[in-house]
Amino acid sequence: MTGKMPERTGRTLTLRRPDDAHLHLRDGEALAAVVGATAAQFARAVVMPNLRPPVRTAADAQAYRARIVAALPAAAAFEPLMTLYLTEQTDPNAMAAAKAAGVFGCKLYPAGATTNSDAGVREIARVDEVLAAMAEAGLPLLIHGEVTDEEVDVFDREAVFVERTLAPLVARHPRLRVVLEHVTSATGVAFVASAREGVAATLTAHHLLIDRNAMLVGGIRPHLYCLPILKTRADREALLQAATSGSPRFMLGTDSAPHEVGRKESECGCAGSYTAPVALQLYAEAFESVGRLDRLEAFASAHFADFHGLPRNEGTVTLVEEEVAVPSALPFGDGADGPLRVRPFRAGESVRWRVSYGV
Ligand code: NCD
Ligand code: ZN
């Protein structure tokens with residue numbers, strides 16, 4: 001042994017620049033701290049509206065978009081696609097104008113389902129007119145698919161939502177484009193796979209890679225707590241199968257959801273995993289685990305654009321097979337008591353690919 005590591009040439013994988021169909025960018029200093037990580041990998045991302053207060057109108061979305069663009073690193077070529085947060089007060093008559101103003105779609109949060117969802121919808125019937133107006137205007141409905149009924153176990157909330165709420169909604173609005181965001185269960189996948197045309201789902205990297213054992217066995221790992229919650233191994237296998245099946249209904253959406261370390265490591269920690277800095281690498285690992293790296297490009301760079309009738313991105317990104325260390329914490333702006341930190345997924349460990357441009 002010379003002590004010198006052999007040079008790892010490794011494989012490379014070049015993809016058309018991908019899209020992130022589901023992303024939390026936050027606001028203010030946190031936004032400035034995280035947006036570069038996504039812009040380094042993705043050409044576009046659908047930006048979730050669950051700020052405090054939520055992004056409710058086209059004017060809110062335009063103002064938020066301007067803050068995102070202002071926070072981008074110099075020379076970043078990144079397009080934020082803006083969404084509105086549906087409430088029971090959303091005006092059906094505002095939908096056509098929102099579309100004309102460049103709004104991408106609307107997000108449905110059942111009230112109380114997740115982070116900053118208290119302004120969400122309590123009774124779906126109360127937004128039926130808005131949904132009809134969205135279908136008319138060509139705005140897709142992006143859904144956090146979980147019931148909030150106290151009687152329903154947290155691990156069953158997606159499956160119950162699919163049966164009680166999603167299936168009837170999809171039938172009631174036959175021309176509405178509907179996306180079941182961050183699908184996490186075998187039931188959710190089966191519904192989307194056999195639903196009518198115009199129904200799709202996004203899949204996170206972390207739900208493809210880990211199940212609830214990773215969060216709960218040998219100690220509780222708060223940074224793996226996200227919503228919808230990680231489910232069983234069988235659910236994860238169904239998600240992997242769907243993601244790598246080649247079906248255009250299944251597309252990449254990270255649900256990267258950064259929270260300051262202290263708010264995760266707490267008596268009542270927030271939901272959300274911060275995957276953006278290593279997103280493509282994690283998806284590559286998931287696809288490789290089932291020998292389907294050949295299907296990563298369509299999942300990451302074609303299905304979203306095709307489903308929503310957008311042009312596919314120009315340009316490429318290259319993954320180089322190489323072990324890369326993930327920092328144990330990253331800056332997240334300044335709090336009242338000093339600098340804040342966010343812990344990325346795989347913190348203190350490594351990923352097996354490096355993302356590179358121009359290779
Ligand atoms: C998201 C967040 O923190 O905004 N959290 C999460 O666990 N995914 C909200 C969400 O998408 O549910
Ligand atoms: Zn989310």
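This short presentation describes the surroundings of ligand 1 and of the zinc ion in a predicted model.

Good morning, colleagues. I shall begin with ligand 1. Ligand 1 sits in the largest cavity. Around it are 15 residues, and the closest of these are Asn50, Thr114, Leu227, Asp255 and His259. By type, the shell of residues consists of nine polar, four nonpolar and two charged members.

Which atoms of ligand 1 lie 2.7 Å from a polar backbone atom of Leu227, or from the side chain of Asp255? For Leu227, the partner is an oxygen atom of the ligand. For Asp255, a nitrogen atom of ligand 1 stands 2.7 Å from an N or O atom of the side chain. His259 also contributes a polar side-chain atom, placed 2.8 Å from an oxygen atom of ligand 1. On its own, ligand 1 has 310 Å² of accessible area, and the protein covers 100% of that area.

I turn now to the zinc ion, which is ligand 2. Its protein donors are His22 and His24, each through NE2, and Asp255 through OD, at 2.0 to 2.1 Å. Along the chain, the donors follow the spacing H-x1-H-x230-D. Why is the arrangement irregular? The four donor atoms around the zinc ion subtend angles of 92 to 141°, and the arrangement is irregular because a tetrahedral one would need all angles between 85 and 135 degrees.

Asp255, then, belongs to both descriptions: it is among the closest residues to ligand 1, and it is a donor of the zinc ion. Thank you.

Key
Residues are numbered from 1 along each chain as its sequence is written. Chains are lettered from A and ligands numbered from 1 in the order in which they are written. This is a predicted model: local features need pLDDT of at least 70, side-chain atom pairs count only at pLDDT 80 or more; totals for chains, interfaces and linings use all residues. Side-chain values use heavy atoms; hydrogens and water are left out. A residue is near a molecule or strand if one of its heavy atoms lies within 4 Å of it. A polar contact is a pair of N or O atoms within 3.5 Å; within protein, one must be able to donate a hydrogen and the other to accept it, and residues adjacent in sequence count only if both atoms are side-chain atoms. Accessible areas come from the Shrake-Rupley method with a 1.4 Å probe; for residues, only the protein chains shown count as cover. On a 1 Å grid over the protein atoms alone, a cavity is a set of points where a 1.4 Å probe fits but cannot get out, and a pocket is an open set with protein on both sides within 12 Å along at least five of seven lines; lining residues have an atom within 4 Å of a point. A molecule sits in a cavity or pocket if more than half of its atoms lie within 2 Å of its grid points. Ala, Val, Leu, Ile, Met, Phe, Trp, Tyr, Cys and Pro count as nonpolar, Asp, Glu, Lys and Arg as charged, and the others, Gly among them, as polar. Donors are N, O and S atoms within 2.8 Å of the metal (3.2 Å for Na, K and Ca); water is not among the atoms, so sites may look incomplete. Four donors count as tetrahedral if all angles lie between 85 and 135 degrees; four count as square planar and six as octahedral if opposite donors are over 155 degrees apart and all others between 65 and 115; anything else is irregular.
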